[in-house]
Every structure is written in C-alpha cells, then in structure tokens.
Amino acid sequence: MVRMRRLRANSNIRSLVRETVITKDDLVYPVFIKEGQNIKEPVSSMPGIYQYSIDRFDEELDRIISAGIKAILIFGIPKHKDAVGSEAYNDNGVAQNAVRAIKQKNSDIIVIADVCLCEYTSHGHCGLVCGSEVLNDETLELLGKMSVSLAKAGADIIAPSDMMDGHVEHIRNVLDYSGFKNTLIMAYSAKFASAYYSPFRDAAQSAPSFGDRKTYQMDPANGREAVRECENDIREGADIIMVKPALAYLDVIKDVSYMTNYPIAAYNVSGEYSMVKAAALNGWIDEKRVVMENITAIKRSGAGIIITYHALDVAHWLEEEA
Ligand code: PBG
Ligand code: ZN
C-alpha cells in the first residue's frame, strides 16, 4: 500500500522532501520615490507602503539592507508632468537622482529601474499619445533615452513596463551603443491589463486620464499569447522575463517556464498585496501564513524572482525562523 503520510510524519521529514523553499535572495522590493523634500507619505490603499523623498528614503534603505533584501525596484514620481514625459529622461530627474543616491550609499544593492512613461506624462499613458492612440514607434525613442539616463545614473537592471512592441530590442541597442553592454534588461513581457494595478496607480500617481491600457497591455484571457510575448522579448535580448500579475496568472508562469530556461520573474502586484493586507487587518486571515503560501505558490509555478510589497515582512519572518 502506498502511504503518502510517511513523507509528512514530522517536520524534519517534511523539510527533507520540500520542493520549494523561499529565501531572501528571491525577493525584489518595489519602492516609490517622490520628488521633493522630507516626504514620507503613506499610500492609503497599500497599508505599510509609503512614498519617500530621496532624503527620507535613506532610513528606509537602512531597513531594507539590514533585513537582507538584495534588490529593489524603483518607481519615480516627478513634480512636473507633461505630454511627452520629459522628466522620465532628465539626467537629474527624480528616479535618476534616487538611483545615484542609493548606489552612493550602498553599491552592492541591485537597483532595478522601472522604465515607462505613465508616471511622467500628464495624460498618464505609458507612451506618446496622438488623439486617443498610444503611438508605438515614436515612444521607443523616449524609452531608449530613459533607459540610458537610468543606466548612466547607476541602475543595474532596466525594467521596461510599457508594453510597446519592439521595446526590448530598441533599449538593448541604445544601451549597447551608449556603452552599457553589461546593464541587464528585465522585461515586463507578459503584462496583463489588470484591475489589480489600481492601488499602484494611487501610489505612483499614474492612472490614465482617459481610456484604458487595453491596446498595449495583454487581455487577461490570453495564455498562449503570453508565451509569444515572452518569446519575442527573449529574441529581442531580454536577460530576465516577467509575468505580471502573479497570483491570478500562475498558469502563465508555468507555461512560460516550460517554454524557456531564461530566468523568470513574477510581480505580486499592488492589488494582490492590498487584498491580503485588508483581510489581515480585519483579523480574517493569518497574514504571515497567507503571504508565505502565496509566494511559495509563485515560486512553485516557476518564477525564481518574486517582486513583492511583502518583501520586507517576508525577510523578517525568514529571519525569525532561522
Ligand atoms: C507602469 C506600471 C504599473 C505597474 C508597474 N509598472 C501599472 C500600470 O500599468 O498601470 C503595476 C504594479 C502594481 O500594481 O503593483 N507601467
Ligand atoms: Zn506605464
């Protein structure tokens, strides 16, 4: 008789046969840096998450580093927005200055810079707009400039989240041409037009002022197309590919992991975070157990890199267990 329970008899046996283990090395912590001074502003839809000005981010960076987090993903929130997102590719823009300040303080931490125009444009779209259309090829040039300017500031990894066609190839070319052959690209490859992003848009002040993102982000119904998106980004030169959101798209992560041996990242997005936080704050679930179960599921499905707002909490919990 097969007795499955022999493998579950005690915690040492369970550890011995455990297939998926989360470590701090797997985690990427997203951070919001706002232009200005002395800002530490809570994001109301994301309990525990704040917008920081560069001067105040210093204290947060200490917490991140001492928790043992090795990678952060930076989003900049500029004071000035315009139709062409000028601040996105300003060498003295908020994201560029933040990258420089962080690298100056700690050169080991992996700084991933999100590349997209939506935080920088007055209309809130991820690319240049003509009438109601979001232009593809005209946007590429600006994304290239933004990437070079962030690489120049010291970003280790460029993470384009705009979902324009051909963006990875264009960014790879301009990075190489500008002397940044070793700067990595982590492409938001299968990024869905998801309702789970709305707390992020409060945090990054990046909601589109008209229409939606459905002409560039993917239809949540399409898994096979997601594999094509990843194939394209790999062909264009991405070093790491990403599926986003994570929890509602575990099947996509799994499909992509069968398709490629490239590293896969998954973004446990703002709405996924906020739902867990809201239930936990109400005392309806055990936050630590639910979060660990969620991120274990993301890793089990095939993502070795997990971008999550829970990263600091997870790092502390892992420390407690150790
Ligand atoms: C911007 C961007 C978004 C996220 C990351 N980069 C939102 C969007 O497309 O509106 C979402 C992250 C999250 O929800 O946590 N291109
Ligand atoms: Zn965007």
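## Two aspartates of helix α2

D55 is found in helix α2, which covers residues 54–66. The model is a predicted one. D55 is partly exposed, and its relative accessible area is 39%. Along the chain, 261 residues separate D55 from H316. In space, the C-alpha atoms of D55 and H316 are 24 Å apart.

D62 also lies in helix α2. D62 is partly exposed, with a relative accessible area of 40%. That value falls between the 20% limit for buried and the 50% limit for exposed, so D62 belongs to neither class. What does the side chain of D62 contact? The side chain of D62 makes a polar contact with the side chain of K105, at 2.9 Å. S86 comes 24 residues away from D62 along the chain. The C-alpha atoms of D62 and S86 are separated by 31 Å.

## The zinc site

Which residues act as protein donors for the zinc ion (ligand 2)? They are C116, C118 and C126, each through its SG atom. These donors lie 2.2 to 2.3 Å from the zinc ion. In sequence, the donor residues follow the spacing C-x1-C-x7-C.

The site of the zinc ion (ligand 2) has 4 donor atoms. The angles among the donor atoms run from 98 to 121°. The site is tetrahedral, because all its angles lie between 85 and 135 degrees.

## Burial around the zinc site

Are the cysteines C116 and C118 buried or exposed? C116 is buried, with a relative accessible area of 0%. C118 is buried as well, at 7%. Both values are under 20%, so both residues count as buried.

T121 sits in the loop between β5 (110–115) and β6 (129–130). T121 is buried, with a relative accessible area of 2%. The side chain of T121 has a polar atom 2.9 Å from the backbone oxygen of H125.

## The largest cavity

A probe the size of a water molecule, rolled over the atoms, shows where empty space is left. How many cavities of 30 Å³ or more does the count give? The count comes to 2.

The largest cavity has a volume of about 150 Å³. Its lining is made by 20 residues. Of these, C118, K191, Y197, F200 and K244 lie nearest the centre of the cavity. The elements β9 (184–191) and α6 (198–204) each give two or more residues to this lining. By class, the lining of the largest cavity holds 10 nonpolar, 4 polar and 6 charged residues. C118 thus has two roles in this account: C118 is a donor of the zinc ion, and C118 lines the largest cavity.

## The second largest cavity

The second largest cavity holds about 50 Å³ of space. Which residues line the second largest cavity? The lining consists of Y29, P30, V31, F32, G48, I49, Y50, Y52 and E60. Two or more of these residues come from each of β1 (27–34) and β3 (50–52). β1 gives the most, with 4 residues.

By class, this lining has 7 nonpolar, 1 polar and 1 charged residues. Gly counts as polar and Glu as charged, so G48 is the polar residue and E60 the charged one.

Methods:
Residues are numbered from 1 along each chain as its sequence is written. Chains are lettered from A and ligands numbered from 1 in the order in which they are written. This is a predicted model: local features need pLDDT of at least 70, side-chain atom pairs count only at pLDDT 80 or more; totals for chains, interfaces and linings use all residues. Side-chain values use heavy atoms; hydrogens and water are left out. On a 1 Å grid over the protein atoms alone, a cavity is a set of points where a 1.4 Å probe fits but cannot get out, and a pocket is an open set with protein on both sides within 12 Å along at least five of seven lines; lining residues have an atom within 4 Å of a point. Grid points are joined across faces, edges and corners, and a volume is the space filled by probe spheres set on the points. Donors are N, O and S atoms within 2.8 Å of the metal (3.2 Å for Na, K and Ca); water is not among the atoms, so sites may look incomplete. Four donors count as tetrahedral if all angles lie between 85 and 135 degrees; four count as square planar and six as octahedral if opposite donors are over 155 degrees apart and all others between 65 and 115; anything else is irregular. Buried means under 20% relative accessible area, exposed over 50%, partly exposed in between (1.4 Å probe, protein chains only). A polar contact is a pair of N or O atoms within 3.5 Å; within protein, one must be able to donate a hydrogen and the other to accept it, and residues adjacent in sequence count only if both atoms are side-chain atoms.
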